[in-house]
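Colleague: I am new to this structure and would like to learn how to read it. Could you take me through it step by step?

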Amino acid sequence: MDEDTKRVIVDALVGAVGGSQATHPESEDRWPMSRCHWLGGGYSEKWTKAVADAPWHERKTTDEYVDWYKQLACPRCGHPMTVLVAPGVMPSKYESIRDHALVVARCNCRQLHTDRPEKQLGCGYGGYVPAPEVTR
Amino acid sequence: MASYVDMPLLPDDEQWEDEATAARHGSLATVRATAKAWSESIALVLGVFTTAAFVKGPEALSDLADAGPSVTLGPVSIPVVGSVVVLLVLIAALALAAAVWKAAIAAQGSPSWTKQMTGPVLAAASAAATQEAISDLRDSRRLTVAAAVVVFVGMSVAWMSQVVTPAKTEPQNAIVITSTGVACVPVKTGDDGTLAIAMPNVSPAPIGSARTITLVEECP
C-alpha cells in the first residue's frame, strides 16, 4: 500500500469518527465533520473563505442603529454558527474604523466537540472576515 | 463574492473579541461610570480656585494693597506687590485647573459611540487611548509642578512684602478736649510726626491746640 492510499484511509477514518489533528492530519476535503474534535486556534483558508462569502444581514436595533449578522453552517463541523457585529461604546474617541474593518469570526456552535474547554463554544476554528459595509 | 483575509486568529485576537463583546454589553455602565467620575472632577476643578486663595499671604490679598510701591494710572492707584501676587494666584489656579482636567481625562477617557464595536477596532482604539492617557498624565504632572512653583513664588512675594514694609499704624480713638469743646475722634500720627484727626476718606487734619488728649478703646 503506498503512502497516498494510507493517507486517504486515515482521512476517511478521521472524517467518519472524528479525531485530533495533532495525531492525524485533518483533510479539509472531508468537511463538514460533525464529530470532529475541538481544535483551538484552528485556521484554514477554506474555512475563512466560506465564512467570508456568507452574506451579512442587517438588523435594526433602534430607530437609528443597526447590527449585522451572518448565519451559516460551520465549514468544518457543519453545525450552525453566527457572526455578529454591533454598535457599542469605545473607551475613547476613535474615528478610523475603516482602517480596521475586520471581524473575528469563530465557530460558536453549541454542539459537543471532544477536548473543548469549559465555557467555550464551537469546534475551535476561526479567522478574520471583512466587516459589513456601514450604509448609514 | 466577499474577499477574505488570509490571517490566522491568535489567542490575543480572540481575547480582544471577547473584551469587545463585554464592552458592548457594558456600554451604558461605562458611560455612567465616566459621568460619575467626571461629576467629581468638576468639584475638583472648581476647588482649585478656592485652594489658590491659599496664596493670599499673611492675612489676605487686600492686605497687600497697602504694601510696597504703587503705580498711579489716572485716578487709580495700583499696588505693585498686590497686583503681582494676584497675577501669580491666577496663573497658579489656571495651571492647577488644567492639571486636574488633564488627569481627569487621562483617568476617564472620552467614551464614544461606534457603529461597529469589534475586537480589532477595540484593540486599535485602546492603543490610541493608552498613548493619549500617557501624554495627558505627563502634561498633568508638568502643570502641577509649574503651579507649585508659581504658588511658592507668590507666597514668597506676599510674605516678603510684609517683612520689608513697616506696619501701618492704625487710627486710635481719643477724647480730645480743646478750649471750645470735647470730641471723641480717631487720631493717628501724621507724616510730620504730630497727631492728626484721621477720619475715613479724609486727609488727616492737624488737631491744633488741645488741652488734653486721652486715648480710649472706644468712643462713648
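Modeller: We will go through confidence, strands, salt bridges and the contact of the two chains.

Modeller: This is a predicted model, where local features need pLDDT of at least 70, side-chain atom pairs count only at pLDDT 80 or more, and totals for chains, interfaces and linings use all residues; side-chain values use heavy atoms, with hydrogens and water left out. Residues are numbered from 1 along each chain as its sequence is written, while chains are lettered from A and ligands numbered from 1 in the order in which they are written.

Colleague: What is the average pLDDT of chain A?

Modeller: pLDDT is the predictor's confidence in each residue, from 0 to 100. Chain A averages 81, and 75% of the residues score at least 70.

Colleague: Which elements of chain A have the lowest and the highest mean pLDDT?

Modeller: Elements are DSSP runs, numbered from the N terminus: helices are H or I with at least four residues, strands E with at least two. Helix α1 (residues 3-17) of chain A has the lowest mean, 49, and β3(A) the highest, 96. Over residues 10-24 of chain A, pLDDT stays under 50. Where pLDDT is low, the predicted coordinates should not be read in detail.

Colleague: How many bridges join β1(A) to β2(A)?

Modeller: Two strands pair if DSSP finds at least two bridges between them. Here, four bridges join β1 (residues 57-60) of chain A to β2 (residues 66-73) of chain A, and the strands run antiparallel. They form a hairpin with five residues between them. β2(A) also pairs with β3 (residues 80-85) of chain A, again antiparallel, over six bridges. That hairpin has six residues between the strands, and A:G78 takes a positive phi near 80°.

Colleague: Which residue is the bridge partner of A:R59 in β2(A)?

Modeller: The partner is A:D67. A:D67 also forms a salt bridge with A:R59, with the closest N and O atoms 2.9 Å apart. A salt bridge is a side-chain nitrogen of Lys or Arg within 4 Å of a carboxyl oxygen of Asp or Glu.

Colleague: Is A:D67 buried or exposed?

Modeller: Buried means under 20% relative accessible area, exposed over 50%, partly exposed in between (1.4 Å probe, protein chains only). A:D67 has 5% relative accessibility, so A:D67 counts as buried. A:R59 is partly exposed, because its value is 41%.

Colleague: Where do B:E40 and B:K36 lie?

Modeller: Both are in helix α2 (residues 27-51) of chain B, four residues apart, about one turn of the helix. Their side chains meet in a salt bridge, 3.3 Å from N to O. B:E40 is partly exposed at 45%, whereas B:K36 is exposed at 53%.

Colleague: How many residues does each chain bring to the contact?

Modeller: Contact means heavy atoms within 4.5 Å. Chain A brings 36 residues and chain B brings 36 residues. Buried area is the accessible area (1.4 Å probe) that two parts lose on being put together, summed over both. The chains bury about 3700 Å² between them, 62% of it on carbon and sulfur atoms. In chain A, A:V89, A:M90 and A:Y128 lose the most area to chain B, together 20% of what that side buries.

Colleague: How many salt bridges are there between chain A and chain B?

Modeller: The count is two. In one salt bridge, the side chains of A:R106 and B:E14 meet at 3.1 Å, N to O.
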